[in-house]
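User: I have just opened this entry and would like a short tour. May I start with the cysteines?
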Amino acid sequence: MTQGKKLITVLGATGSIGVSTLDVVGRHPERYGVFALTAHRQVDKLFAQCRHHRPAYAVLDLPEDAARLQGLLDEAGCCTEVLSGSAALAAVASAPEVDMVMAAIVGAAGLVPALAAAKAGKRILLANKEALVMSGALFVQEVVANGATLLPIDSEHNAIFQALPADFRRGDEGYGVTRILLTASGGPFRRKPLEELSAVTPEMACAHPNWVMGRKISVDSATMMNKGLEVIEAHWLFGVPAERIEVVIHPQSVIHSMVAYVDGSVIAQLGNPDMRTPIAHAMAYPERVDSGVQPLDLFAIGQLDFERPDFQRFPCLAHAYRALEAGGIAPAVLNAANEVAVASFLDGKLGFDRIAGVIAATLDAVESQAANSLEIVLEADQRARRLASGFVMQSLN
């Protein structure tokens with residue numbers, strides 16, 4: 001690897017965010033190199049990425065998958081060393097050689113390596129919502145204590161970051177920020193009659209009108225739990241209370257989010273719906289580099305629409321506000337219950353219209369508790385998963 005390049009570890013390299021990140025890396029070989037790539041179980045896809053980008057390390061969840069990948073790489077003459085397990089994820093996220101970490105592992109599995117990157121003082125490009133949803137106070141504390149840099153990758157939070165003053169400090173009232181306006185597409189069922197939601201299939205839920213995303217995130221977008229998690233994330237990123245974070249349905253997905261100020265100004269960030277824009281912004285910040293995204297053609301768009309979200313249609317969004325206001329372990333419980341419910345829906349075990357009910361029942365069943373340590377958060381996560389699985393089973397009877 002050429003001296004002077006910024007080295008990146010991509011956690012979740014085979015997912016849509018990881019693929020987009022590597023696309024941006026490939027456009028700027030003089031600026032960026034790859035230190036490590038990780039995946040859950042997609043051996044063949046990770047093999048192709050390793051052959052192209054030649055990282056020092058690759059990480060898979062299971063030893064048998066790691067052994068297969070190592071054999072493929074050895075045969076191909078690629079010197080990448082393959083590791084496995086959660087400890088290896090934390091190691092490649094915190095290695096001294098690493099300049100930045102793309103935290104794009106979906107779900108609670110991404111929490112530990114993202115925390116490891118924070119403790120090591122890295123530039124963290126945060127695409128994993130759960131790190132802040134499950135343990136926002138702990139995560140922010142580690143970022144501050146260890147001099148890490150936290151840059152949001154979600155298109156909405158990256159837009160807010162761009163619309164805030166350059167020297168904005170989290171939670172500071174001196175900048176005149178009155179509201180954060182999180183935009184949402186409304187997903188594929190924004191206009192679908194409520195009585196027809198019980199017939200929604202995984203294929204229907206994963207057919208997002210604007211964005212190309214993984215299956216779990218696509219379902220979260222359809223229920224608007226994705227936006228609920230983003231409300232919690234925005235609270236921790238920017239220090240703004242729940243009552244000043246407003247969700248706005250904007251079907252065109254051109255305005256990625258807005259910040260309202262005390263003088264009446266509303267500053268928005270616009271662009272085509274392509275995750276390479278926020279990825280390139282965070283990788284090069286405070287500079288700007290080519291992301292490969294086509295320029296926005298306002299004349300082709302013609303108009304921009306806005307609606308208030310309907311909590312009857314999107315109860316998951318209401319549950320997220322409830323969890324944020326409750327605080328403590330409630331957001332971790334919310335996230336765990338949602339992961340179980342969405343997985344059950346994708347497996348054909350739970351109706352789409354039952355997802356919100358499983359989440360509500362799980363929130364009701366877990367007593368409030370302060371999230372004072374990672375151990376408490378992870379224990380709450382596991383307890384919520386057991387309870388949510390039980391509620392899914394009840395729904396089958």
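Analyst: Certainly. This is a predicted model. The sulfur of Cys206 lies 15 Å from the closest cysteine sulfur, that of Cys316, which is too far for a bond.

User: How many disulfides does the structure hold?

Analyst: The structure holds zero disulfides. Cys79 is in no disulfide, and its nearest cysteine sulfur, in Cys78, is 6.6 Å away.

User: Is Cys79 buried or exposed?

Analyst: Cys79 counts as exposed, because its relative accessibility is 75%, and the cut-off for exposed is over 50%.

User: Changing topic: in what order do the strands of the sheet run?

Analyst: The order is β4-β3-β2-β1-β5-β6-β7, an open sheet of seven strands with parallel pairing. β4 (81–84) and β7 (149–152) stand at the edges. Each of these two has a single partner strand, so one side of each is left without a neighbour in the sheet. On average, neighbouring strands are turned by 25° against each other, direction ignored.

User: What about β1 and β5, how many bridges join them?

Analyst: Strand β1 (residues 6–11) pairs with strand β5 (residues 100–103) over four bridges, in the parallel sense. As an example, Leu11 has Ala103 in β5 as its bridge partner.

User: Which strands does helix α4 touch?

Analyst: Helix α4 (residues 86–94) packs on the sheet and touches β1, β2 (32–38), β3 (57–60), β4 and β5. The direction of α4 makes about 155° with that of β1. Helix α11 (residues 276–284) also packs on the sheet, where it touches β1, β2, β5, β6 (123–126) and β7. The direction of α11 makes about 170° with that of β6.

User: Now the interior. How many residues are in the largest nonpolar core, and which have the most contacts inside it?

Analyst: The largest nonpolar core has 94 residues. Those with the most contacts inside it are Ile124, Phe139, Phe238, Leu334, Phe352 and Ile355. Helix α14 (residues 330–346) supplies the largest share of this core, eleven residues. At least three residues of the core come from each of domain 1 (6–152) and domain 2 (327–396).

User: Which residues is Phe238 in contact with, leaving aside its neighbours within four places in sequence?

Analyst: Phe238 is in contact with His157, Ile160, Phe161, Leu164, Phe168, Arg170, Gly171 and Ile180.

User: And what does the second core include?

Analyst: The second core is separate and has 36 residues, including Ile8, Leu125, Ala127 and Ala282.

Methods: Residues numbered from 1 in each chain as written. Predicted model: local features only at pLDDT ≥ 70, side-chain atom pairs only at ≥ 80, totals over all residues. Heavy atoms only, no water. Core = buried A, V, L, I, M, F, W, Y, C linked by side-chain atoms within 4.5 Å. Buried < 20%, exposed > 50% of the residue type's maximum accessible area, 1.4 Å probe, protein only. Domains from an automatic or database assignment. Contact = heavy atoms within 4.5 Å. Pairing = 2+ DSSP bridges. Axes fitted to C-alpha atoms, helices over the stretch in contact; angles between N-to-C directions. Disulfide = S-S within 2.5 Å.
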